[in-house]
Amino acid sequence: VNDGGIYKTLDATADSVDWVPLNNGYVTTQFYALAIEPGEATSDIVIGGLQDNGTWWTNSTTFEDNWKYIGSGDGMYCALTNGADYYVTSKQRGKLYLKEIDANGNVIDHERIDPTGGPNTYEWCNRFILDPSNDKRIFLNGQQYLWRLDDLTDIDITGDRTNKEPDHWEQMIHSKGSNQMGAISDIEMCPTDPNTV
């Protein structure tokens, strides 16, 4: 048993143990975070990062409808731009992805975008936020520093899920806290002043 459900094996002594899920009708999971399409009041698009179960997408208000799988790993924080032109998903240890997803929830393309110059070790779950006054700008916590990417549209989406983003990110040097403070765990933006994080 784990937070992904219930499983059994018929041979626990095999060289490679096969586990069979017993999750028929098991409809519970644990969200780390949700994001709602912020632009249109009539949009029903919601995405969510789920522990051990990736990131999922829906545009339905019907409870029985299935969600679509759009990202792997432990799904963490996620966001989408106004009009759902771009999606940003994350998984454990600071891995960040920019995605193009069609109106039916199908992933068209993706790119890993966490900064090359970021910390060697991230927290398990790392907060990022899209700027509410410019949703193409993103802020990411990188242990003791904030990182900023000014324009998501500058990134070429090539299908690379492996390599970090070598350009476009700026480490915000003046954001460093003291060693006693530990790591940044949350980010919020001032709604009346886009220069205040």
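Which residue forms a salt bridge with Asp 186, and how far apart are the closest N and O atoms? The partner is Arg 127, and the gap between those atoms comes to 2.9 Å. This is a predicted model, so everything below describes the prediction. The pair brings together distant parts of the chain: Asp 186 sits in the segment after strand E14 (169-172), while Arg 127 belongs to the loop between strand E10 (107-112) and strand E11 (128-131). Along the sequence, the two are 59 residues apart.

The two partners don't share the same kind of surroundings. Asp 186 has 44% relative accessibility and therefore counts as partly exposed. Arg 127, at 16%, counts as buried, because the cut-off for buried is under 20% relative accessible area. Arg 127 also has another acidic partner, as its side chain meets that of Glu 188 in a salt bridge of 3.6 Å, N to O. Here too, distant parts of the chain are linked, with Glu 188 in the segment after E14 and Arg 127 in the loop between E10 and E11, 61 residues apart. Glu 188 is partly exposed, its relative accessible area being 47%. Put together, Arg 127 is bridged to Asp 186 and also to Glu 188.

These contacts are part of a wider set, since the structure holds 8 salt bridges. One of them joins the side chains of Arg 137 and Asp 131, at 3.0 Å from N to O. Both Arg 137 and Asp 131 are buried. The two also belong to a network of salt bridges that takes in Arg 148, Asp 150 and Glu 170 as well.

Next come the aromatic side chains. A pair of aromatic rings is described by the distance of the centres and the angle of the planes. Searching the whole structure turns up 2 aromatic pairs. In one of them, Phe 31 and Trp 67 lie 5.9 Å centre to centre, with 50 degrees between the planes, which makes the pair tilted. Phe 31 is found in strand E3 (residues 31-36), and Trp 67 in the loop between strand E5 (54-58) and strand E6 (68-71). With their positions 36 residues apart in the sequence, this pair links distant parts of the chain. Phe 31 counts as partly exposed at 36% relative accessibility, and Trp 67 does so at 33%.

The other aromatic pair is made by Trp 56 and Tyr 69, and this one is edge-to-face: 5.1 Å centre to centre, with 70 degrees between the planes. Trp 56 lies in strand E5 and Tyr 69 in strand E6, so the pair ties together parts that are 13 residues apart in sequence. Trp 56 counts as partly exposed, at 26% relative accessibility. Tyr 69 is partly exposed too, with a relative accessible area of 47%.

On the surface, there is a nonpolar patch formed by Val 1, Ile 6, Val 20 and Leu 22. Together, these residues have about 370 Å² of accessible area. Val 20 is located in strand E2 (residues 20-21). With a relative accessible area of 37%, Val 20 is partly exposed.

As for strand pairing, 4 strands build an open sheet in the order E7-E8-E9-E10, paired in the antiparallel sense. Strand E7 (75-80) and E10 are the edge strands, each pairing on one side only. From one strand to the next, the twist averages 25 degrees. Within this sheet, E7 pairs with strand E8 (residues 87-91) over 4 bridges, again antiparallel. As an example of the residues involved, Cys 78 has Thr 89 in E8 as its bridge partner.

Finally, a look at Leu 50, which is placed in strand E4 (residues 46-50). Is Leu 50 buried or exposed? Its relative accessibility is 4%, so Leu 50 counts as buried. Leu 50 and Thr 158 are 108 residues apart in sequence, and their C-alpha atoms are 25 Å apart in space.

Note on methods
Residues are numbered from 1 along each chain as its sequence is written. This is a predicted model: local features need pLDDT of at least 70, side-chain atom pairs count only at pLDDT 80 or more; totals for chains, interfaces and linings use all residues. Side-chain values use heavy atoms; hydrogens and water are left out. A salt bridge is a side-chain nitrogen of Lys or Arg within 4 Å of a carboxyl oxygen of Asp or Glu. Buried means under 20% relative accessible area, exposed over 50%, partly exposed in between (1.4 Å probe, protein chains only). Rings of Phe, Tyr and Trp (its six-membered ring) pair if their centres lie within 6.5 Å; planes under 30 degrees apart count as stacked, over 60 as edge-to-face and the rest as tilted. Patches are made of residues with over 30% relative accessible area and no salt bridge: like charges are joined within 9 Å, nonpolar side chains (Val, Leu, Ile, Met, Phe, Trp, Tyr) within 5 Å. Accessible areas come from the Shrake-Rupley method with a 1.4 Å probe; for residues, only the protein chains shown count as cover. Two strands pair if DSSP finds at least two bridges between them. Axes are lines fitted to C-alpha atoms, for helices over the stretch in contact, and angles run from 0 to 180 degrees between N-to-C directions.
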